[in-house]
Amino acid sequence: MKKTGVLNAELSKLIATLGHGDMLVIGDAGLPVPHGVPCIDLAVSLGVPALRQVLDAVLQEICLEKITLAKETETHSADLWRFAHNHAENNRIQTATVSHETLKQLSQTARAVVRTGDTTPYTNIILHSGVPF
């Protein structure tokens with residue numbers, strides 16, 4: 001058994017197999033999962049786990065090149081907005097802002113959507129895999 005990092009086997013395997021440019025969506029409890037896109041459902045109950053808890057664990061293991069947020073996130077989920085922009089700035093990662101509708105369209109080509117129990121509106125993020133070299 002792993003003793004650190006992401007313990008969920010399905011999520012851990014996905015992170016290990018991401019290639020350059022692959023997208024991983026981490027979403028709130030209400031984000032629709034497009035047909036054909038695998039869903040790693042971590043939601044236990046409303047609010048559990050929070051998206052930030054999942055995001056913090058994933059960020060310890062993934063190499064990123066870009067983060068995409070919906071513009072609605074800035075006003076409806078200001079904590080996530082600030083955290084994502086600070087993380088991007090501190091790690092020299094690009095950020096992109098799109099409409100919530102565009103974020104949902106982009107999720108159609110994601111490797112997977114991770115569903116959390118978060119109930120804060122517009123608490124969704126796309127992580128674009130990078131390379132460590």
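This is a short walk through the sheet, the core and two annotated positions of one protein model.

Okay, hi everyone. First, a bit of housekeeping. The model is predicted, so local features need pLDDT of at least 70 and side-chain atom pairs count only at pLDDT 80 or more, while totals for chains, interfaces and linings use all residues. Residues are numbered from 1 along each chain as its sequence is written, and side-chain values use heavy atoms, with hydrogens and water left out.

Let's start with the sheet. It's an open one with six strands, in the order β2-β5-β1-β6-β3-β4, and the pairing is mixed. Strands here are DSSP runs of E, at least two residues, and helices are runs of H or I, at least four, numbered from the N terminus. Two strands pair if DSSP finds at least two bridges between them. At the edges sit β2 and β4 (94-98), each pairing on one side only. For one pair, look at β3 and β6: they run antiparallel over four bridges, and T68 stands opposite I126 in β6.

What about helices? α1 lies across β1, β2 and β5, whereas α4 lies across β3, β4 and β6.

Now the inside. In soluble globular proteins, nonpolar side chains tend to be buried together. A nonpolar core means buried Ala, Val, Leu, Ile, Met, Phe, Trp, Tyr and Cys residues joined through side-chain atoms within 4.5 Å. Buried is under 20% relative accessible area, exposed is over 50%, and partly exposed is in between, using a 1.4 Å probe and protein chains only. The largest core here has 27 residues, and L11, I26, V58, I67, I125 and L127 touch the most other members. Which helix gives the largest share? That's α2, with five residues.

Last stop: UniProt, in an unreviewed entry, puts "binding site" at D28 and H100. Those positions use the numbering here, the feature names are shortened, and annotations may be inferred rather than shown by experiment. The two span 73 residues in sequence, yet no two of their C-alpha atoms are more than 12.6 Å apart, so they gather at one spot.

Are they buried or exposed? D28 is buried, at 9% relative accessibility, and H100 is buried too, at 14%. D28 sits in the loop between β1 and β2 (39-41), while H100 lies in helix α5 (residues 100-106). Setting aside neighbours within four places in sequence, H100 is in contact (heavy atoms within 4.5 Å) with L31, A70, E72, Y122 and N124. Leaving out those same kinds of neighbours, the contacts of D28 include Y122 and N124.

That's it, thanks!

Methods: Axes are lines fitted to C-alpha atoms, for helices over the stretch in contact, and angles run from 0 to 180 degrees between N-to-C directions.
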